[in-house]
Amino acid sequence: MRIYAILIYIFLYAPIALIVGFSFNAGKYAMDWQGFSVEWYAKAFSNPLIMEALRTSVFIAFSTALLSAIIGTLTALGLERVSGWLRTAFDALIYVAIMVPGIVIGISTLIAFVSFFDLVNPWLTSAWSIKLEMGAWAVIAAHVLFNIAVVALLVRARLQGMDRSLVEASEDLYATPLGTFRQVVLPLLAPAILAGFLLAFTFSFEDFIIAYFVAGPNTTLPIYVFSSIRRGVTPEINAVGTVVLMTSFALLIVAQLILQRGQKTAR
Amino acid sequence: MKERRSRALTAALLAPAAMFFVFLLLVPLVVVLVFSFGVRGPAGGYQAGFTFDNYLNLAARGKAFYNTLTLAPLATLLTALFAFPMAYFLALKANPKYRVALLVLVMAPFWTSQLLRYYAWIMLLGNKGIPSWLAWIGIHDVRIINTPVAVLIGAVYGFLPLMVPPIYVSLEKLDKRLLEASADLGATPVRTFFQVTLPLALPGVAMGSMLVFILLMGDYILPQFLGGGKVFFIGNALVDLFLQSRNWPFGAAVSVALVAIMFVTIYFYMRFVLSKTDTRRAALV
């Protein structure tokens, strides 16, 4: 049993170790070790295309995480206050948003936006000579859609596990509703919101398929990585990959610690 | 007055999400449905129309449907088979102090770049990887990359982190006294496993399988990287139809078919699982 578990961990982490290992390879070819070197890190970080893609990805991921955390939390709070058909409808939409494959979200966003642009662009161009087109903002919109659902589910689970008597106590002590919210509810929800923020950031930073459809002329880091893997790999990708992998592991550990600490304070 | 203000607040809380759901989910999905009845424009893209040709033509991409609908369930099954012992170990055998940390270690790879993890498998399964190691011990001319086997290995690798946690949760909740009772009543460990542990873990297995199946059905990167254009899924057909051959109406019909197959499968699967778990629970009581 224990041996099986160890084998599974090796299975899961050996490929990741391979990327990290070869990022320090002096040679140019995959699976051909030529000695230790950090030159690919230097090359990657001085490549303007990679840096531009990195900036675009960070911008998209941060905007997505911020918007999803805010809107998702509002949604969870709002859903506590409704019942009946409205609640059923929202629950259904949350599950549809999570279940529809990313590739279909990408496609539907693409063709809906393009149709919309075809409708309004002639008019906009003649009136103000501007033209709407796909880009980073479309990626953010599609990512936020999915992550609102994720954050709403996380925050709602937390709300349901929350001790109601705390809110009642606060009301009995003549706190205003806003005061109760700021001083009691929000601190209790904070771990779920923060974890949702980090998950949304990771999702958005790593998503390839939605961005591939709707990013238009913009290149995100996953799109850059994808096209260089398809062209035949440059070892720079191992270096970039190592940085990306380490960053996401760090974010995950932080998210996990926050959630666990939160579970203790909830009681 | 107070009630009206409270309702306005509720509306304000729900409005942003409602806007997103309506304008970025429902309307676009309806647009896809409308497109699927249209015709391809002369320069690609879409021209208005009403025809069922796109649906009648689905067989032209039959291979993609066939691959997806055979390999995705098979890969889900394999993933569950490999995940179960791992979840069992974590829930019942591992040191409780490290249990959560060990579980997080299993889940973590799922949240890192899918592109990079499958790219590592291109190197591992490619000619300079495992086949060359096999040649070294005397087994020559093994081809793994760009075969269904490569896609299956990739799927187990990619989705094990997602399959283990739900099974773990259902095993962890399991009342250990049931196992003791079964042993006290003279059941062999094997019999206890099949008659007590496995049925009680079924909801977790069902949940994990559904998650993995959904993601596999719409996958693009896994077949693209490890199937190398030879073993392609519906996702690959969609990328081709929308971004390369630009036949949007046909692509829309393929998307509609994909979503429809997914929802129907999930519906019947959930019904089947629910009926199974209910009778099991009843039988146990």
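At what angle do the axes of helix α3 (residues 62-93) of chain B and helix α9 (residues 189-217) of chain B cross? The answer is roughly 140°, and the two axes come within 9 Å of each other.

## Ground rules

This is a predicted model, where local features need pLDDT of at least 70, side-chain atom pairs count only at pLDDT 80 or more, and totals for chains, interfaces and linings use all residues. Residues are numbered from 1 along each chain as its sequence is written, while chains are lettered from A and ligands numbered from 1 in the order in which they are written.

## Chain A at a glance

Chain A has 11 helices and zero strands; helices here are DSSP runs of H or I with at least four residues, strands are runs of E with at least two, and both are numbered from the N terminus. Its C-alpha atoms fit a box of roughly 70 × 65 × 35 Å along the principal axes. Of the 267 residues in chain A, 43% are buried. Buried means 20 or more other C-beta atoms within 10 Å of the residue's own, exposed means 12 or fewer, and partly exposed is in between, with C-beta atoms placed from the backbone.

Now for contacts: two residues count as touching if their C-beta atoms, placed from the backbone, lie within 7 Å. Take the chain A contacts with a separation of 6 or more, and 78% of them join residues 24 or more positions apart.

## Two domains in chain A

The domain assignment splits chain A into domain 1 (1-37) and domain 2 (47-265); such bounds come from an automatic or database domain assignment. Over C-alpha atoms, the centres of these domains are 31 Å apart. Where they touch, domain 1 of chain A puts in eight residues and domain 2 of chain A seven.

On the domain 1 side, that contact has five nonpolar, two polar and one charged residues. The classes work like this: Ala, Val, Leu, Ile, Met, Phe, Trp, Tyr, Cys and Pro are nonpolar, Asp, Glu, Lys and Arg are charged, and the others, Gly among them, are polar.

## Where the chains meet

Chain A brings 57 residues to its contact with chain B, and chain B brings 53 residues. The chain A side comes out as 45 nonpolar, 10 polar and two charged.

One helix pair to look at across the chains is α1 (residues 2-22) of chain A with α3(B): their axes are 10 Å apart, at an angle of about 115°. Axes are lines fitted to C-alpha atoms, for helices over the stretch in contact, and angles run from 0 to 180 degrees between N-to-C directions. A:Tyr4, A:Ala5 and A:Ile8 of α1(A) meet B:Pro85, B:Met86 and B:Phe89 of α3(B). By class, that contact is six nonpolar, no polar and no charged.

## Back to α3 and α9 of chain B

In the pair from the opening, the α3(B) residues in contact include B:Thr68, B:Ala72 and B:Pro73, and those of α9(B) include B:Val205, B:Gly208 and B:Phe213. The contact divides into 10 nonpolar, five polar and no charged residues.

## Two positive phi values

Most residues other than glycine have a negative phi. A:Tyr174, though, has a positive phi near 65°. A:Tyr174 sits in the loop between α7 (164-172) and α8 (177-206) of chain A, and is exposed, with 7 other C-beta atoms within 10 Å.

Over in chain B, B:Asn146 also has a positive phi, about 65°. The loop between α6 (130-136) and α7 (148-173) of chain B holds B:Asn146. With 19 other C-beta atoms within 10 Å, B:Asn146 is partly exposed.
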